[in-house]
Amino acid sequence: AQVLINGEIVTRIDAKVDIEDRAYQFGDGIYEVIRVYNGICYQLEEHIQRLERSAKEIRLSLPFSAEEFTQQLQELVKGNQLQEGIIYTQVTRGVAPRYHGFPSDDVKPQFVAYTKDLPRPTAFMEHGVKAVLLEDVRWLRCDIKSLNLLGNVLAKQKANDEGGFEAIQHRGDIVTEGSSSNVFLVQEGILYTHPASSLILNGITRVKVLELCEKLELIVKEQEFTVKDLLDADEVFITSTTSEVMPITQIDDQPVGPGIPGPLTVKLQQEFVKGF
Ligand code: PLP
């Protein structure tokens, strides 16, 4: 397979990363995961804009323009003849002797991208999946798509240990987001999701679903809700680039509503697939 490394497309074994890369030692970098449907990058512009935002927030200056990067990612997808899958891409603050403060200005950010075949999770989307609840113990800048993912890793593993697909996190009573997804609930026909604050990553799929709600004339409130609201909801779903609109039909040992994907969830799923 071909990969992109610092602007060059090479075969994977020829891409070398230094042991003193700051991502390796500090998680000092940012990333994106982009969906590819029918050989076309979905919402690539939105993903690159979010990467630019993350870079700005961690005071990293990206070593490429949006136009250059778009072209390189498209070339990679084409070179790997990827039809249905993802692009993973990350940018790190570069290679320097280990020291917490930023390296000198001559140290250049390093970036890679590679592709992976990944079918849409259609069976899960049709039947719904289980989520588990846990306290959100992550830092307070979850709006940055940072490579520091230990909190998210431990959360997802708790879900997996308990036979769940996703971990839904809460800070005290307030539900924030999944380990790698945003959370929506439906109560009496109204949708709720956590506002796009520093406590969640503002998902590209989240924003897409907000747009679809407007199009379908569904009422949606970007408003905090509690764990109790979640457990009492008629419908719950999560959104992410890889999981699209994924119904949550069980939380811990309790069914959500009647325990099957709800009507508004299904409606949004159907509308979502029209977009690609
Ligand atoms: N929240 C977190 C913590 C994530 O890691 C992700 C994506 O992986 C999301 C939300 C969903 O974002 P997106 O819809 O852009 O994939």
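This is a guided tour of a predicted model of a protein with a ligand, moving from the whole chain to the sheet, the domain contact and the ligand shell.

Begin by colouring the whole protein by confidence: the average pLDDT is 98, and 100% of the residues score at least 70. For the complex, the predictor gives an ipTM of 0.99 together with a pTM of 0.98.

Next, colour the chain by domain, selecting residues 2-117 as domain 1 and residues 122-273 as domain 2, which are the bounds given by the domain assignment of the protein. If you place a marker at the centre of each domain, taken over C-alpha atoms, the two markers will stand 27 Å apart.

Before turning to the contact between the domains, select the open sheet of six strands, whose order is 2-1-6-5-3-4 and whose pairing is antiparallel. At its edges you will find strand 2 (8-11) and strand 4 (40-41), each of which pairs on one side only. Now add helix 2, residues 44-57, which packs on this sheet and touches strand 3 (29-37), strand 4 and strand 5; looking along strand 3, you can see that the direction of helix 2 makes about 175° with that of the strand.

Within the sheet, select strand 6 (residues 110-117) and look at its partners in turn. Strand 1, residues 2-5, pairs with strand 6 in the antiparallel sense over two bridges, and here L4 can be found opposite A113. Strand 5, residues 85-92, also runs antiparallel to strand 6, and the two are joined by eight bridges; to follow this pairing, select G85 and look across to D117, the residue of strand 6 that stands opposite.

Return to the two domains and select the residues in contact: domain 1 contributes 18 residues and domain 2 contributes eight. On the side of domain 1 that touches domain 2, the elements giving two or more residues are strand 3, helix 2 and strand 5, and the largest share, seven residues, belongs to strand 3. Colouring this side of domain 1 by residue class will show seven nonpolar, six polar and five charged residues.

Finally, centre the view on the ligand and display the 14 residues around it, of which L201, G203, I204, T205 and T241 come nearest. Which elements each supply at least two residues of this shell? Selecting helix 6 (204-215) and strand 13 (235-240) gives the answer, and the largest share, three residues, comes from helix 6. A last colouring by class divides the residues of the shell around the ligand into three nonpolar, nine polar and two charged.

Methods. Residues numbered from 1 in each chain as written. Predicted model: local features only at pLDDT ≥ 70, side-chain atom pairs only at ≥ 80, totals over all residues. Pairing = 2+ DSSP bridges. Helix = DSSP H or I, 4+ residues; strand = E, 2+ residues; numbered from the N terminus. Near = placed C-beta within 6 Å. Nonpolar A, V, L, I, M, F, W, Y, C, P; charged D, E, K, R; others polar. Contact = placed C-beta atoms within 7 Å. Axes fitted to C-alpha atoms, helices over the stretch in contact; angles between N-to-C directions. Domains from an automatic or database assignment. pLDDT = per-residue confidence, 0-100.
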